[in-house]
Amino acid sequence: MTTEQLQNTPRKSLILNAFVEMCSGHQSPGLWTHPDDESHRFNDIEHWIELAQLLEGAKFHGIFIADVLGGYDVYKGPRNLHPAISSGAQWPVNEPLAVVPAMAAATKNIGFGVTVTTTYEQPYHLARRLSTVDHLTKGRVGWNVVTGYLDSAARNLIGKDQPQHDDRYAVAEEYIKVTYKLWESSWRSDAVVLDKSRRIYTDPNRVREINHVGKYFDVPGPHLCQPSPQRTPVILQAGTSKAGKQFAAQHAEAIFVAGHSPSVVKNNIKEIRELARTEYGRDGSSIKFLALLCPILGKTEEEARGKFEYYRSLGSIDGALALFGGWTGIDLDVYGEDEELRSVPSNAIRSAVEGWSKATPEVPKWTKKTVGEHITVGGLGATPVGTPDQIADEMERWVREADVDGFNLAYAIKPGSFKDIIDLLIPELRRRGLFHEDYAAPRGTYRENLYGKPGQTGPPEDHPAAKYRWDAGVANHEIPE
């Protein structure tokens, strides 16, 4: 684009979520040793309340809570948890949904995206858990739909390695339709009448079984919970495999992408938007793509660079390589300390290294140590370092080149990284017209504020869940298959 075209192009108002996990360090293994880091307080409910209030004060859209159900045991493996355990690399880790009501009780607007897998829990049970939290948060919950990726989780939950990747997505496809039926079709919107004179709490003619019989699940219903503010929580997703793209194009309202530069993710974003439009009749442009970013900010470039170098000096190489092993299934311990990874037999490693080399050409030789150093601050996402002006420029580049709608902002230290974002970066984003001054729907639902549309409490009309809704006053609503 020319400078004139860029100036005339309407700027997106960015969606900003904080990216966290109920563990110490999360995407920056070893940085729990920083004197100002408080992520080790993850067992304290006050820690999460303080974080939610801090982020809501800055008008963050949401808190995106990652989760895993097993340890990272590939590095120095097989089934070796020692590097993860000793370094605190997403170990220990708590169940995320439990803390959401406490954060919601201390706030009014911020949303909560929670990661829950479809592989190890029955849809009837999860639908109830999410409805409960949607009620307790007044409609501020989202579900990050995942199928799992750690064999260590599968061994503990089903007694063997996880099912094949595409099989997991086939289960997820039926699973989510079961939840749509429970949330949207089992109760009519006006089923609860609270008629004291007739002593009728709920009209039994407005509650029904869903009688789902499928390949993987038989769920007669009805749903145990009355319709919650959103009924279907905001559907989030993070997979970009072939099966993951199909699932996302059909169901996702917001999609989490990660890469070291916009070029890594732009084709996936374009493809999913097009699939949504051509195969599922959805407005692909309405799907929100959020890129992983861990900005390191300073009032000057020198200050930012000094922070980054100090952070990196505290990072755990063993912890970083444990995470890498879990994310990729690759044990880098089999390679020599000085062996250049450009020349190893693994195509996956060579591809990753080539990408990192383009993004960080100052690294002269990629070894397992330099890979570990690269991951210690911000994980596999981008970690821009600079002034607020420089970081805002980088965020605009991601929007311009990859068509992202916002960012999941990871931290190096917590809450220090988020305080830097709030104090330094957000004022610059607002100066550029890139971030809102207030929530679009104060005291509204997560979905209303994510879309910036007051009144949009349920999925949009072109979303597959919408066709399942049994609206008030509708006598004969057929449950779609």
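Strand β14 is covered on both faces: G406 and N408 are buried on one side, and F407 and L409 are buried on the other. The model discussed here is a predicted one, and this strand offers a convenient point of entry into it.

Two neighbouring strands pair with β14. Strand β11, residues 288-293, runs parallel to β14 and is joined to it by four bridges; within this pairing, A291 stands opposite F407. Strand β1 also pairs with β14, which spans residues 406-409, in the parallel sense and over four bridges. Here I15 has G406 as its bridge partner in β14, while the partner of N17 in that strand is N408.

Strand β1 has a further parallel partner in β2, residues 62-66, with five bridges between the two strands. N17 takes part in this pairing too, its bridge partner in β2 being G62. The chain passes from β1 through α2 to β2, and the β-α-β crossover formed in this way is right-handed. Like β14, strand β1 is covered on both faces: I15, N17, F19 and E21 are buried on one side, and L16, A18 and V20 on the other. Seven of the seven residues of β1 are thus buried.

The surroundings of L16 show what lies against one of these faces. Apart from residues up to four places away in sequence, L16 touches F60, H61, G62, M395, F407, L409, I426, L429 and F435. L16 and F407 also belong to the largest nonpolar core, which has 83 residues; together with F60 and W143, they touch the most other members of that core. The greatest contribution to this core comes from helix α7, residues 165-185, which supplies nine residues. A second core, separate from this one, has 24 residues, among them V68, A320, V344 and W356. In soluble globular proteins, nonpolar side chains tend to be buried together.

Burial also extends into a loop that follows β1. Q27 is located in the loop between β1, residues 15-21, and α2, residues 45-57. With a relative accessible area of 7%, Q27 falls under the 20% limit and is therefore buried. Beyond its neighbours within four places in sequence, Q27 is in contact with F19, Q90, L292, W327, I375, T376, V377, G378, G379, L380 and A410.

Helix α5 gives a view of how a helix is set against its surroundings. Its 14 residues, 123-136, should span 20 Å at 1.5 Å a residue, and the end C-alpha atoms are indeed 20 Å apart, so the expected and modelled values agree. The buried residues of α5 are P123, L126, A127, L130, S131, V133 and D134. Viewed down the axis of α5, these residues fall within an arc of 165 degrees, and they therefore line one face of the helix. The pattern accords with a general property of helices: an α-helix has 3.6 residues a turn, so residues three or four places apart point the same way. The elements against which the buried residues of α5 pack are α4 (100-105), β3 (111-117), β4 (141-146), α7 and β8 (218-219). Helix α7, already met as the main contributor to the largest core, is thus one of the packing partners of α5. Just after α5, K138 adopts a positive phi of about 60 degrees.

K138 introduces a group of backbone features that deserve separate attention. Most residues other than glycine have a negative phi, and most peptide bonds are trans. K59, in the loop between α2 and β2, has a positive phi near 70 degrees. Its relative accessibility of 22% lies between the 20% and 50% limits, so K59 counts as partly exposed. L194 likewise has a positive phi, of about 50 degrees, but this residue lies in a strand, β5, residues 192-195. At 51% relative accessibility, L194 is over the 50% limit and therefore counts as exposed.

Two peptide bonds are cis. One joins G77 and P78, with omega of about 5 degrees, and P78 is placed in the loop between β2 and α3, residues 82-87. The other leads from K414 to P415, with omega near 5 degrees. P415 is in the loop between β14 and α15, residues 416-431, which returns the account to the strand with which it began.

Notes
Residues are numbered from 1 along each chain as its sequence is written. This is a predicted model: local features need pLDDT of at least 70, side-chain atom pairs count only at pLDDT 80 or more; totals for chains, interfaces and linings use all residues. Side-chain values use heavy atoms; hydrogens and water are left out. A nonpolar core is a set of buried Ala, Val, Leu, Ile, Met, Phe, Trp, Tyr and Cys residues joined through side-chain atoms within 4.5 Å. Buried means under 20% relative accessible area, exposed over 50%, partly exposed in between (1.4 Å probe, protein chains only). Contact means heavy atoms within 4.5 Å. The expected span of a helix is 1.5 Å times one less than its number of residues. The arc is that of the directions from the helix axis to the C-beta atoms. Two strands pair if DSSP finds at least two bridges between them. A crossover is right-handed if, with the strands pointing away from the viewer, the path from the first strand over the helix to the second runs clockwise.
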